[in-house]
Structure formats: structure tokens, C-alpha cells
Amino acid sequence: MVKDEKFVLSNGVEIPSIGFGTWQIPNGEIAYKTTLFALKEGYRHIDTAYAYGNEESIGKAIKDSTLKREDIFITSKLPSHIKTYDGALEYFDKTLKALDVTYLDLYLIHAPWPWQEIGKDCTKGNIEAWKAMIKLYNDKKIRAIGVSNFLESDIKPLIEATGFKPMINQIRYFVGNTQRKLTKYCQDNDILVEAYSPLATGELVNKEVFNEMAEKYHVSVAQLCIRYCYQNHTLALPKAVTPQHIKDNLNIDFIISDEDMNYLDSLENVGSRRPFRS
Ligand SMILES: NC(=O)c1ccc[n+]([C@@H]2O[C@H](COP(=O)([O-])OP(=O)(O)OC[C@H]3O[C@@H](n4cnc5c(N)ncnc54)[C@H](OP(=O)(O)O)[C@@H]3O)[C@@H](O)[C@H]2O)c1
């Protein structure tokens, strides 16, 4: 089953092929119960971020799940406005404390620029943050490191400055918004693409254009869209709080035909045109 499959990162670390997205799941009872439920249903990969403000409840759910820490893959992210070496170390510590864990499986630079200043050139700051992440990786505090929302032109300076390639780039990716050139660059360079907002933050599930195809495979539009990411070798991170959605999104054991994949690949701008979301 896809839910038990793993992608292998360039350093050999295995990462469960579907992650549970947690953006906009409020800290407290909702994040706690939702994460606990997701783990009970079989998710073994949780995607959070310092900026989501819910690391504490997610950490508590992980503890209370009775699963072993090493059986859960935890991702968090360095806030987008932290662009210094010391700042990166400091915020990594805050994340470890909030989650109440001793190491992370994956840590990402959340964005190449602060969300308030999208597009600003922060190359120098990104290199500083990247050096701190390499230190944490070498100190075995993180099993894999990467970036998010980075373009090829943001990634190359990191590699040039440090010789160290990100293992992952987490980008906004869904049917009709696959950032083809960037995805190809990453996949050609053994940088796994994680597909965030695989349902365009819910916008895709009501698009009539998918109904007929979803019916043909006896799945929901959401399942079709998540499977699409998987067949394009990207790691989807669907978010849900509705129990049935949580269950369905892990159940994508069907095969979209080549012809239907070609059709889905040909769609443009089905979901929102906004290029970035936090
Ligand atoms: N790195 C970044 O900058 C970045 C940015 C955005 C997102 N992300 C990550 O990617 C994750 C997912 O992206 P997202 O939060 O934008 O949303 P998404 O997964 O694209 O869509 C979530 C929305 O779809 C609904 N939904 C989920 N499963 C469904 C189903 N089976 N049937 C019908 N509706 C369904 C959810 O409803 P309910 O919740 O009501 O069930 C919710 O409204 C985030 O949570 C986060 O972990 C990262």
C-alpha cells in the first residue's frame, strides 16, 4: 500500500510517501486530537512548522500515541524571517522544545524570504541559515535538511557556498500547478519534491473538471489529486481535520492511466493562481 511506501532521500534516509499537513490546525485540542487520529489511521509522517504554532500539541499527540519516536517522521521549518546562523540554531532549539523531542527527521528553511517581503534577495542570510542546518545535521540533531519555496536560483547559491545540497524542496504543487521547470531541476538533481497544498488548500475538491475521472476510478477528487502527486514522484502533504478526509487521503491504491495522467498534466491554473502560501 502507498501509505507504507517510502521515498529514499539522497543521503539514504527513508521518508514515508504521504505526509500529514498541519498548517491552520490550531494548537490545543484540535491539533492534539487530529494528530492522534492521523497516527491511529496510519500516518507516520507529520509536517509542521514553527510558524504554524501547533508544534506543542503535535508533540504531545506523538508522545501519547504510544508509537516509537523512530517510527514517526517529523518535519518542521525554520521561520521565514530568520536569516542568521545563530537565529537558525536558536529557533531549531525552540522547535525541539515545543515538540518535546531530541531530534528532527527533517528541517526546512520555510521560505527564501520573509513572508512579509516575498521576493526580497536574502541569499546571504539563506547561506548563513543553511550553514547552521548543516552543523545540526552533522551533529545528528536532524536526519535530513532541505528548503521550501526555493527556486533553482535560490538553491544554487547554497550549494556553491557549502557544497551541501538540500535533500528536499517543499513547494506548492497540485494538478494544474506543478512548477514544471523547478520540479524537473529538483528531480534531476536528486532533490525530492514535496507537494504542499496538494488540494490547492481545498480549492480542487469542488472543481467539476475532475468529477468524471474520479468516478471512473471510484475515488474522491481529493484521492485523485493526491495520487496524481504520487505518480509524478512527488511527496504529497494533504491536510485535513475531518476524520473521513484524514482516512481517505491515505488510501490511494489505484493507478491513474498514462492517458489520464497526460490529461491532468496538461491542465493549467485549475486551482488558485496565488503562487505562495504559508
Ligand atoms: N512550506 C510551505 O510554505 C507550505 C505552505 C502551505 C502548506 N504547506 C503544507 O502542506 C499542507 C497541505 O496544504 P494545505 O494546508 O494548503 O491544504 P490542502 O491539503 O491542499 O487542502 C486542505 C483542505 O482540503 C480539505 N480536504 C482534505 N482532504 C479532503 C478530502 N478527502 N475531501 C474533501 N476535502 C478535503 C480540508 O478540509 P478539512 O480540513 O475540513 O478536512 C482542507 O480544507 C499544509 O498543511 C502544510 O503542512 C506548506
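## Exercises on a ligand site and its surroundings

Gly176 is buried, with a relative accessible area of 7%, where buried means under 20% relative accessible area, exposed means over 50%, and partly exposed covers the values in between, with a 1.4 Å probe and protein chains only. The model is predicted, so local features need pLDDT of at least 70 and side-chain atom pairs count only at pLDDT 80 or more, whereas totals for chains, interfaces and linings use all residues. Residues are numbered from 1 along each chain as its sequence is written, and side-chain values use heavy atoms, with hydrogens and water left out.

**Exercise 1.** Place Gly176 and Gln179 in the chain, and compare their burial.

*Solution.* Begin with the secondary structure, in which helices (H or I, at least four residues) and strands (E, at least two) are DSSP runs numbered from the N terminus. Gly176 belongs to the loop between β8 and α6, and Gln179 also lies in the loop between β8 (168-172) and α6. Next, take the accessibilities: Gly176 is buried at 7%, while Gln179 is partly exposed because its relative accessibility is 23%. Finally, look across the sequence from Gly176, whose C-alpha atom is 4.9 Å from that of Asn269, although 93 residues separate the two along the chain.

**Exercise 2.** Describe the setting of the ligand and the classes of residue that surround it.

*Solution.* The ligand sits in the largest pocket. On a 1 Å grid over the protein atoms alone, a pocket is an open set of points with protein on both sides within 12 Å along at least five of seven lines, and a molecule sits in it if more than half of its atoms lie within 2 Å of its grid points. The ligand is surrounded by 30 residues, of which the closest are Asp47, Ser197, Thr201, Lys239 and His245; a residue counts as near if one of its heavy atoms lies within 4 Å. Sorted by class, this shell holds 13 nonpolar, 13 polar and four charged residues, where Ala, Val, Leu, Ile, Met, Phe, Trp, Tyr, Cys and Pro count as nonpolar, Asp, Glu, Lys and Arg as charged, and the others, Gly among them, as polar.

**Exercise 3.** Identify side-chain atoms of Ser148, Thr201 and Lys239 that approach the ligand, and state how much of the ligand is covered.

*Solution.* A nitrogen atom of the ligand lies 2.8 Å from a polar side-chain atom of Ser148. For the ligand's oxygen atoms, one is 2.7 Å from an N or O atom in the side chain of Thr201, and one lies 2.8 Å from a polar side-chain atom of Lys239. On its own the ligand has 910 Å² of accessible area, and the protein covers 90% of it, with areas from the Shrake-Rupley method and a 1.4 Å probe.

**Exercise 4.** Which residues have a positive phi without being glycine?

*Solution.* Most residues other than glycine have a negative phi. Gln179 departs from this with a phi of about 40°, and Thr201 has a positive phi near 50°. Thr201 is in the loop between β9 (192-196) and α7 (211-216), and it is partly exposed because its relative accessibility is 34%.

**Exercise 5.** Decide whether Asn149, Thr183 and Met133 are buried or exposed, and locate each one.

*Solution.* Asn149, in the loop between β7 (142-148) and α5 (152-162), is buried at 3%. Its side chain makes a polar contact of 3.3 Å with that of Ser148, a polar contact being a pair of N or O atoms within 3.5 Å; within protein, one must be able to donate a hydrogen and the other to accept it, and residues adjacent in sequence count only if both atoms are side-chain atoms. Thr183, in helix α6 (residues 180-188), is buried at 7%. Met133, in helix α4 (residues 123-138), is buried with a relative accessible area of 0%.

How values were computed: On a 1 Å grid over the protein atoms alone, a cavity is a set of points where a 1.4 Å probe fits but cannot get out, and a pocket is an open set with protein on both sides within 12 Å along at least five of seven lines; lining residues have an atom within 4 Å of a point.
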